[in-house]
Amino acid sequence: MCGIVGYIGKKQAAPVLLDGLEKLEYRGYDSAGMAVYDGKQINIKKATGRLKVLNELTHGGELLPGTVGIGHTRWATHGEPSDVNAHPHFNADRTIAVVHNGIIENYLKLKNTLIERGYKFLSETDTEVVAHLLDYYYKKCKNPLEAITKVMHRVEGSYALGILFSDEPDVVYSVRKDSPLIVGKGKDGNLIASDVPAVLKYTREVYFIENEEIARLSEDTIEFFNVDGETIEKEPKMIEWDINAAEKGGYEHFMLKEMYEQPKTVRDTLNPRIKDGRIVIDELGMTDEEIRAIKKIHIVACGSAYHTGVTNKYIFEGMARIPVEVDVASEFRYRNPILEEGTLVIIISQSGETADTLAALRLAKERGIMTLGIVNVVGSSIAREADKVMYTWAGPEIAVATTKAYSAQLIAQYLLAIKFAEVRGTISAEQVAGYITDLKKLPDQIEMLLNNKEKIQRFANRYIAAKDVFFIGRGIDYAISLEGSLKLKEISYIHSEAYAAGELKHGTISLIEDGTLVASVVTQPDLYKKTISNIVEVRTRGAFVLAITNEENTEIEKAADYVIYIPQTNPYFTNSLAIIPLQLFGYYVAVGKGCDVDKPRNLAKSVTVE
Ligand code: G6P
């Protein structure tokens, strides 16, 4: 997703911008650019491809003199990735430069009106509309702030903007609606950015800009205004993240580092919520009465977060006997869901900014339904807008393919399910104690699986040339298969699919040929026999079968070709363990193929367009 950085201060701006943009690379992008005011005029440099290209083009920023600038990494939405479509965009006189994250939904209408007024467009982007529209209003009112508010009234959609006016050269403007943006208050200058890691090197004091707020930064002042141009007061927040947490720390890839952080992530998400042998989720502020009144749960999310919801449908229903529907957010928001009184909508998102997930949250709120966000990024849109928030304490996740945030999302939902079940009296005090004992063992068990990675690594090396891989499982094992399959395909580009094990024979089994890899997940004791039958079905048709199963299930050696065991835990929690070898499998296949593991092609870490 696009990244924005802006700087105004004592230092040369371009190197600061490049450095900040680098910290936002994880968001995914296809081109980059910078605009810097050099004392006389605004100069722009932009380039398709990695930041390295822009870095070389500007000699590390040296060729762009000046201490006021804005920078951008673009993930194409309107118009292909190209130098001309890359941001920043100018007005015709080159006196206004704009970087933008989000989508201007009514850009075509605005563009046509502007063309009628004589404006000429160079790019295919929706962003250029903003540059010309600012020009149009600025020429009328001669006041940058007023021009910005006028533009805000005209554009529809989502935007975070960084803006320079050469007529007011000692100022960086910034504004947002439905796209993230923060302001950092530094010692040697102030910054704007799409996300905190971009400013951490310079400051820990950060303002979160809310929807339709404008920030005006000079070297030593930061002012905020509302959409009517009236001054508003805001309090900064201190960011506690360790800067090292955003660096690779000795691992070959962020993804591997983040996989190894999972024991800690699970501990951090779990421990503060277990007090004196009881589950305490105070931050929700939910009364027992409210919990008892829940008649139905909708879990809504995208990608891997959705997969954690699929897992936890089994757990909420099994433990707390509450009916659960799980939806991908892009479907939920347009299917006019039936949301009756007594429904709880659980929204799961690592970034807290995924556009469809945020829209689903807003839909539920509009209907007067209680919303609960499980979010990793503090201060993100979903965290701010959900009625109740439960944070996953995974820290910043850099690799596009999620691992540790996924694991933390599972834990948060296990805790919720146990809590709900306990309050509703569907499980006994002994069961709660047993679940807590098992949960507390998970971090060490995950660590053990990570430390025994060689077996799955060796296996992965044999499948670098695979064309198709199928993942099968039943119940929670099906949910694990969904994530195992996604991990493999998103980073190794090998086609893979996950199936409920009993469903494969209804068509897809025709794809099984001699040597096709089928990864089976078999961790639910009451379903062992059923899944083993499905393993036999594919194996007799030539498949090579990998099985991920519990230590006790040695029977499986008779049916599968290669077995990875996970330590004993409650069947509800096996996802947290079985996913580890599957993450490692995807990772080592991708490494073996020489793929860009941390930044897979075509993907973005945070998808802030629908
Ligand atoms: C993107 C990421 C996935 C993630 C999904 C949802 O597709 O690549 O890893 O699961 O978005 O993101 P969220 O931040 O809402 O959890």
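Biologist: Which residues in α7 meet α14, and which residues in α14 do they meet?

Modeller: On the α7 side they are Gln262, Pro263, Val266, Arg267 and Leu270. Their partners in α14 are Leu439, Lys440, Leu442, Pro443, Asp444, Ile446, Glu447 and Leu450. Do keep in mind that this is a predicted model.

Biologist: Noted! How do the residues of that contact divide into nonpolar, polar and charged?

Modeller: The contact of α7 with α14 has 8 nonpolar residues, 1 polar and 4 charged.

Biologist: And at what angle do α7 and α14 pack?

Modeller: About 170°, with the axes 8 Å apart. Helix α7 covers residues 262-270, and helix α14 covers residues 429-451. Angles over 145 degrees count as roughly antiparallel, so α7 is roughly antiparallel to α14.

Biologist: What about α7 and α13, are they roughly parallel or antiparallel?

Modeller: Roughly parallel. The axes of α7 and α13, which spans residues 404-424, come within 9 Å and cross at roughly 30°. The crossing in which α7 passes α13 is right-handed.

Biologist: Which residues meet there?

Modeller: From α7 you have Gln262, Thr265, Val266, Thr269 and Leu270. From α13 there are Lys404, Ser407, Ala408, Ile411, Ala412 and Leu415. That contact divides into 6 nonpolar, 4 polar and 1 charged. Gln262, Val266 and Leu270 turn up in the α14 contact and again in the α13 contact.

Biologist: Nice. Let's move to another pair: how do the axes of α4 and α5 cross?

Modeller: At roughly 130°, with the axes coming within 8 Å. Here α4 is residues 127-141 and α5 is residues 144-154. An angle of that kind makes α4 oblique to α5. The crossing is right-handed.

Biologist: Which side chains should I look for in that contact, I mean which residues meet?

Modeller: In α4, look for Val130, Leu133, Leu134, Tyr137, Tyr138 and Cys141. They meet Pro144, Glu146, Ala147, Ile148, Lys150, Val151 and Arg154 in α5. The split is 10 nonpolar, no polar and 3 charged.

Biologist: Switching to the ligand now. How many residues surround it, and which are the closest?

Modeller: There are 13 around the ligand, and the closest are Ser304, Ser349, Gln350, Ser351 and Thr354.

Biologist: What are the distances from ligand oxygen atoms to polar backbone atoms of Ser304 and Gln350?

Modeller: For Ser304, a polar backbone atom is 3.0 Å from a ligand oxygen. For Gln350, the distance from a polar backbone atom to an oxygen of the ligand is 2.6 Å. You can add Val400 to your list too, with a backbone N or O atom 3.4 Å from an oxygen atom of the ligand.

Biologist: Great, last topic: backbone oddities. Is the peptide bond from His87 to Pro88 cis or trans?

Modeller: That one is cis, with omega near 0°. Pro88 is found in the loop between β4 (68-74) and β5 (89-90). Most peptide bonds are trans.

Biologist: And what is the phi of Arg94?

Modeller: Positive, about 60°, although Arg94 is not a glycine. Most residues other than glycine have a negative phi.

Biologist: Where does Arg94 lie?

Modeller: In the loop between β5 and β6, where β6 is residues 96-104.

Note on methods
Residues numbered from 1 in each chain as written. Predicted model: local features only at pLDDT ≥ 70, side-chain atom pairs only at ≥ 80, totals over all residues. Heavy atoms only, no water. Axes fitted to C-alpha atoms, helices over the stretch in contact; angles between N-to-C directions. Helix = DSSP H or I, 4+ residues; strand = E, 2+ residues; numbered from the N terminus. Parallel < 35°, antiparallel > 145°, perpendicular 65-115°, else oblique. Left-handed = near helix turned anticlockwise from the far one by under 90°. Contact = heavy atoms within 4.5 Å. Nonpolar A, V, L, I, M, F, W, Y, C, P; charged D, E, K, R; others polar. Near = heavy atom within 4 Å. Polar contact = N/O pair within 3.5 Å; in protein donor to acceptor, adjacent residues only side chain to side chain.
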